[in-house]
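Open the model in your viewer and keep the selection tool at hand. Each stop below gives something to select and then says what is there.

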Amino acid sequence: MASGIKDKVAILGMGCTTFGEHWDKGPEDLMVEAFEEALADAKIARSEIQAAWMGNALDDINVGNSALPLAHALRLKTIPVSRVENMCATGSEALRAAVYAVAAGAVDFALALGVEKLKDTGYGGLPLRTKGLANDLWLPYGSAPGSFAQLAGAYAAKHRLNGDDLKRAMAHVSWKSHQNAVQNPRAHLRKAVDVETILKAPMIADPLGLYDCCGVSDGAAAAIVTTPEIARGLGVVNPVTVKAVQLSASHGWEMQYEAWDGSYVLNTREAAKRAYAEAGVRNPATELSLTEVHDCFSITELVTMEDLGLSEEGYAPRDILDGRYDRAGAQPCQPDGGLKCFGHPIGASGLRMAYEVYTQLLGRAGSRQLDKVDLGLTHNLGGAPFNSVAAVSIFGRLH
C-alpha cells in the first residue's frame with residue numbers, strides 16, 4: 001500500500017536568484033547562481049549529487065529541449081539529468097521528481113532546478129512560438145488575462161457579489177503583495193502601491209486592471225534534497241522536510257460537460273485534498289502558518305483561498321479585506337511578494353515559492369520574518385481555469 005512521502009525527504013539546501021530583467025545574464029548564469037547558493041547551503045560537494053531535474057517551460061526560447069544545458073552549466077559529471085515541463089507548475093514538477101527519487105531510495109542526494117529567461121525576447125507576454133495542437137483546438141483566440149477575467153465574472157455571478165466589492169478585494173490582494181515585496185531584495189518590483197492607484201489603473205481584461213496582473217521576468221531557483229537521516233548525519237538537527245507533494249491535471253471535464261460553473265479551479269481543490277491527507281492536515285485554515293500561491297492574477301489568489309479551504313466559499317473577499325492574509329494577519333499569503341512582485345519566469349516560480357517557505361521555516365527571512373512558522377504551503381496553477389494543472393506542496397520541520 002502506498003504510504004505517501006511525509007517526512008521521507010528533507011530539503012538540505014536551497015538557492016534563488018533575484019527575479020527581474022537580467023539583460024546581462026543568460027539562463028546558464030542564472031542556473032549557476034541559484035545552484036551555488038543551494039550547494040553552499042547544503043554543505044555538500046557537487047560530486048555527491050546523484051541525479052538532477054531541470055524545470056524549463058519554454059524550451060525553444062532560451063535553454064533547449066533537453067536537460068543537457070543544466071549538466072553543462074553546473075558541470076554535473078555523467079549523472080542522470082532530465083528536463084521536465086508542466087506549464088506554470090514546471091518548477092514544482094522538478095521538485096516532485098527529485099523528492100520522489102530520494103523517497104524511493106534511488107539516490108541519496110537529488111537536485112531540482114527551475115529556470116526561465118523571458119525578457120530577452122522583447123515580447124510583452126509569454127513568448128510562445130506555437131500554442132500546440134491542444135490549445136489551437138480549444139483556445140485559438142484566447143489570452144491569459146481573458147481566461148482569468150472569466151473566472152472573476154463567474155465568481156461574482158455565483159456569489160452575487162457587487163463588481164465594485166470584488167474589485168476592491170482584488171486590489172487588496174495586489175496591495176498586500178507590493179507591501180510585502182518592499183522588504184524582499186530578490187523581488188522584481190519593490191515599490192509600495194496604494195489601493196486607489198490599483199483601482200484606477202488601465203483595464204487589461206475586465207475586471208482585471210494593470211495591477212491585477214503579474215508580469216514576466218528572468219530567474220532561477222534550486223533545491224537539494226536528501227533523506228532526514230542523512231541530513232541529521234550532516235549536523236542538521238531538525239531539518240525542513242517535505243510533508244506532501246500532490247498534482248492534479250484537467251481531464252477535459254471543465255470544457256466538455258457543462259457541469260462546471262467557472263467560479264473555482266477543480267484541480268486546485270483535488271491537489272489540496274490529497275496534499276492535506278498526505279501531510280496529515282485536518283484543518284488547513286488553522287494549521288497552515290503561511291501560503292505561497294499562484295497569483296498570476298489577483299482573482300486567482302482570491303479564488304485559491306477558497307479552493308485551498310482557507311476561506312469558506314463566497315467569503316474570501318471578506319477575509320482578504322479583513323487582513324486575514326496580510327503579513328500581520330492570521331494566515332499570511334505571499335510574504336515575499338508573490339508572482340505579482342517577482343514576475344513569473346515559469347520554470348522557476350514553483351521553486352521560488354518553496355524557497356520562501358524554506359527560508360521562513362529556518363527563520364532566515366530577515367525583516368519579513370513571520371513570528372511563528374510551523375507548516376507552509378505552496379500552490380502552482382498552470383494553464384487556464386478551464387484546462388489546468390495544479391500542484392500543492394506542504395513543508396515543515398522534523399522535530
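The tour goes through a ring pair, two cavities, some backbone details and a few contacts.

Before the first selection, note that this is a predicted model.

**Stop 1: a pair of rings**

Select Phe19 and Phe342 and show their side chains. A search of the whole structure finds 2 aromatic pairs. In the pair formed by Phe19 and Phe342, the ring centres are 5.2 Å apart and the planes stand at 85°, so the pair is edge-to-face. Planes over 60 degrees apart count as edge-to-face.

Where does each of the partners Phe19 and Phe342 lie? Phe19 is in the loop between strand S1 (10–16) and helix H1 (27–42), while Phe342 belongs to helix H15 (residues 338–342). The two parts are 323 residues apart in sequence, so the pair ties together distant numbers on the chain.

Are these rings buried or exposed? Phe19 has a relative accessible area of 1% and is buried. Phe342, with 2%, is buried as well. The cut-off for buried is under 20%.

Now add Arg352 to the selection. The charged end of Arg352 sits over the ring of Phe342, at 4.7 Å from the ring centre.

**Stop 2: the largest cavity**

Keep Phe342 and Arg352 selected, since both are among the residues that line the largest cavity. Rolling a probe the size of a water molecule over the atoms shows where empty space is left. For the whole structure, the search finds 2 cavities of 30 Å³ or more. The largest cavity has a volume of about 40 Å³.

To see the whole lining, add Cys16, Asn184, Arg186, Asp336, Tyr355, Glu356 and Arg368 to Phe342 and Arg352. Which helix gives the most to this lining? Helix H16 (residues 346–361) does, with 3 residues. Colour the lining by class: there are 5 charged residues, 3 nonpolar and 1 polar.

**Stop 3: the second largest cavity**

Clear the selection and pick Val173, Ser174, Ser177, Asp212, Asp295, Phe297, Ser298 and Lys340, which line the second largest cavity. About 40 Å³ of space lies in this cavity. Its lining takes its largest share, 3 residues, from helix H7 (residues 163–181). By class, the lining holds 3 polar, 3 charged and 2 nonpolar residues.

Zoom in on Ser174, which lies in helix H7. Ser174 is buried, with a relative accessible area of 2%. Which residues does Ser174 touch, leaving out those up to four places away in sequence? They are Ile198, Tyr211, Asp212, Ser298 and Lys340. Of these, Asp212, Ser298 and Lys340 are also named in the lining of the second largest cavity.

**Stop 4: three places on the backbone**

Switch to a backbone view and select Asp206 and Pro207. The peptide bond from Asp206 to Pro207 is cis, with omega near 10°. Pro207 is in the loop between strand S5 (203–205) and strand S6 (208–209).

Next, select Thr78. Thr78 is not a glycine, yet it has a positive phi of about 60°. The loop that holds Thr78 runs between helix H3 (68–74) and strand S3 (81–84). Thr78 is exposed, at 77% relative accessible area.

Move on to Met87. Met87 also has a positive phi, of about 50°, although it is not a glycine. Met87 is found in the loop between S3 and helix H4 (90–103). With 33% relative accessibility, Met87 counts as partly exposed.

**Stop 5: two helix residues and their contacts**

Select Glu93, in helix H4. Glu93 is buried, at 10% relative accessibility. Add Ala391 and look at the two C-alpha atoms: Glu93 and Ala391 are 7.9 Å apart in space but 298 residues apart in sequence. Apart from residues up to four places away in sequence, Glu93 touches Val84, Asn86 and Leu247.

End at Val195, in helix H8 (residues 195–199). Add Arg160, which is 35 residues from Val195 along the chain; their C-alpha atoms are separated by 23 Å. Which residues is Val195 in contact with, leaving aside its neighbours within four places in sequence? Select Arg168, Ala171 and Trp175 to show these contacts of Val195.

Terms used
Residues numbered from 1 in each chain as written. Predicted model: local features only at pLDDT ≥ 70, side-chain atom pairs only at ≥ 80, totals over all residues. Heavy atoms only, no water. Phe/Tyr/Trp six-rings, centres within 6.5 Å; stacked < 30°, edge-to-face > 60°. Helix = DSSP H or I, 4+ residues; strand = E, 2+ residues; numbered from the N terminus. Buried < 20%, exposed > 50% of the residue type's maximum accessible area, 1.4 Å probe, protein only. Lys NZ or Arg CZ within 6 Å of the ring centre and 35° of its normal. 1 Å grid on protein atoms, 1.4 Å probe; cavity = no way out; pocket = protein on both sides within 12 Å on 5 of 7 lines; lining within 4 Å. Points joined across faces, edges and corners; volume = space filled by probe spheres on them. Nonpolar A, V, L, I, M, F, W, Y, C, P; charged D, E, K, R; others polar. Contact = heavy atoms within 4.5 Å.
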